[in-house]
Amino acid sequence: MNQVGNSRKKQLLKRLTPNRIWNGALLRSSYYLSQWTNGSIHWGKPMAISIEPTTACNLRCPQCPSGLRQFSRPTGNLNIKLNEEILDAVGKQLYYVNYYFQGEPYIHPQFNALIKAAHQRNIYTVTSTNAHFIDPAMAEKIIDSGLSELIISIDGLTQETYESYRREGKLEKVIDGTRHLVAAKKKLGKTNPHLVFQFLVNRQNEHEIDGLHQLAAKMAVDEVRIKTVQMYDLENGADFLPKNEAYSRYKKRNDGTYELKNSFKNKCWRMWSSCVFTWDGKVVPCCFDKDAKHEMGTLNKGEFQKIWKSSIYKNFRKKVFTDRKEIEICKNCSEGSKIWV
């Protein structure tokens, strides 16, 4: 593992406690036991969760429900008090929080306060941003919040290739926002957040991957991640997929149509280890349930454990282990086909 990987690993290890280690062991053992028995034996509590700060977004990305304004669920911002209630209800074994589901997190006017609440509980915090709202003052606030990791979406090295997906976005703002973050880390003498350039590969930008690594090194960005694009309409959007199938989560059939590379094995670690909270407190099983169609319950008076162990959740986990292909949100799952370079 390189120096960057070691640094991130150390940050994660620093957050381990006996409680969190024991909970992880319970989750793993019950997960494997359920695989062997085709059941839904479940011990432990979530070690990781995603919390949605907002469903609002300033961009109009063509393969994103938020960008397309296609949600059937309401748009809104996470309440500061509800954030605290979620963190307290899930419990002290909680190890990792991804403050992202849909929308652009930094549209939330108090987003840094959400991060601080988790940081004060010694939780590893991550978010993903299009970096359009990061000026020098905001960069310092982000550093001060204690955020562990910041994923910056940069899907092109020219305005033309960038806006082919990040519609209504400006590459210049992404570059400037990244510069402000690097400068703020240096000014404040901090190593966090771990900065990641994330590149969503498509046919317009796949030739820029080498240049992306060079740009990241030049700007002192800590890591580059290459990600496959998710398509909702393969029939009309196939021309957007990269020509190099190594950078695609889909493969072309002999008849010219496409299918997901994922083999759809009847298992999913996420169903045991994590869940997602929408901005209004609904619990859904996975980040692929973007419109919250599979609501397991709504957090009420901190009674998360009842939702996590409910018959609805138990039956959903069991279906994943017996007939995952028939679950709509699993049909575009990148597990097994996502690439990190």
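Is C286 buried or exposed? With a relative accessible area of 8%, C286 is buried. That residue turns up again in the cysteine view below, one of several close-ups of this predicted model.

**View 1. A nine-stranded open sheet with mixed pairing.** Reading across the sheet, the strand order is 6-5-4-3-2-1-9-10-11. Strand 6 (223–228) and strand 11 (297–298) sit at the edges, each with pairing on one side only. Helix 4 (residues 80–90) packs on this sheet, where it touches strand 1 (48–51), strand 2 (96–98) and strand 9 (274–277). The direction of helix 4 makes about 165 degrees with that of strand 1.

**View 2. Strand 4 next to strand 5, running parallel.** Here residues 149–153 (strand 4) meet residues 194–201 (strand 5), and five bridges hold the pairing. For a handy spot to look at, take I151: its bridge partner in strand 5 is V196. As a reminder, strands of a sheet pair through backbone hydrogen bonds, in either the parallel or the antiparallel sense.

**View 3. Strand 3, covered on both faces.** Strand 3 spans residues 124–129, and six of its six residues are buried. In a regular strand the side chains alternate between the two faces of the sheet. One side of strand 3 carries Y124, V126 and S128, while T125, T127 and T129 are on the other, and all of these are buried. Strand 2 runs parallel to strand 3, and three bridges join the two. Across from V126 in strand 3 stands N98.

**View 4. F277 and its surroundings.** F277 belongs to strand 9. What is the relative accessibility of F277? The value is 0%, so F277 counts as buried, the limit being under 20%. Leaving aside residues up to four places away in sequence, F277 touches I49, S50, I51, E52, I86, V90, K282, V283 and F304. The link to I51 is a nice one to pick out: 226 residues apart along the chain, F277 and I51 have C-alpha atoms separated by 4.8 Å.

**View 5. Aromatic rings, in a pair and in a cluster.** A pair of aromatic rings is described by the distance of the centres and the angle of the planes. The model has twelve aromatic pairs. One of them is W308 with Y313, an edge-to-face arrangement at 5.3 Å centre to centre and 80 degrees between the planes. Both partners are tucked away: W308 is buried at a relative accessible area of 0%, and Y313 is buried at 0% relative accessibility too. Elsewhere in this view, Y31, Y32, W269, W272 and F321 make up one aromatic cluster.

**View 6. Charged ends sitting over rings.** W269, from the cluster in the previous view, has the charged end of R28 over its ring, 3.8 Å from the ring centre. A second example involves F288: the charged end of K290 sits over its ring, 5.5 Å from the centre.

**View 7. Two cysteines, no disulfide.** The count of disulfides in the model is zero. For C286, the nearest cysteine sulfur is that of C287, 4.4 Å away. Why do C286 and C287 not form a bond? Their sulfurs are 4.4 Å apart, which is too far for a bond because a disulfide needs them within 2.5 Å. The two residues also get different burial labels: C286 is buried at 8% relative accessible area, whereas C287 is partly exposed at 31%.

**View 8. Backbone oddities in the loops.** Most residues other than glycine have a negative phi, and most peptide bonds are trans. The peptide bond from N192 to P193 is cis, with omega near 5 degrees. P193 lies in the loop between helix 8 (171–188) and strand 5. A131 has a positive phi, near 65 degrees, and is found in the loop between strand 3 and helix 6 (136–145). Another positive phi, near 75 degrees, belongs to E168, in the loop between helix 7 (159–163) and helix 8. Are A131 and E168 buried or exposed? A131 counts as buried at 1% relative accessibility, while E168 counts as exposed at 57%.

Technical notes:
Residues numbered from 1 in each chain as written. Predicted model: local features only at pLDDT ≥ 70, side-chain atom pairs only at ≥ 80, totals over all residues. Heavy atoms only, no water. Phe/Tyr/Trp six-rings, centres within 6.5 Å; stacked < 30°, edge-to-face > 60°. Buried < 20%, exposed > 50% of the residue type's maximum accessible area, 1.4 Å probe, protein only. Lys NZ or Arg CZ within 6 Å of the ring centre and 35° of its normal. Pairing = 2+ DSSP bridges. Helix = DSSP H or I, 4+ residues; strand = E, 2+ residues; numbered from the N terminus. Contact = heavy atoms within 4.5 Å. Axes fitted to C-alpha atoms, helices over the stretch in contact; angles between N-to-C directions.
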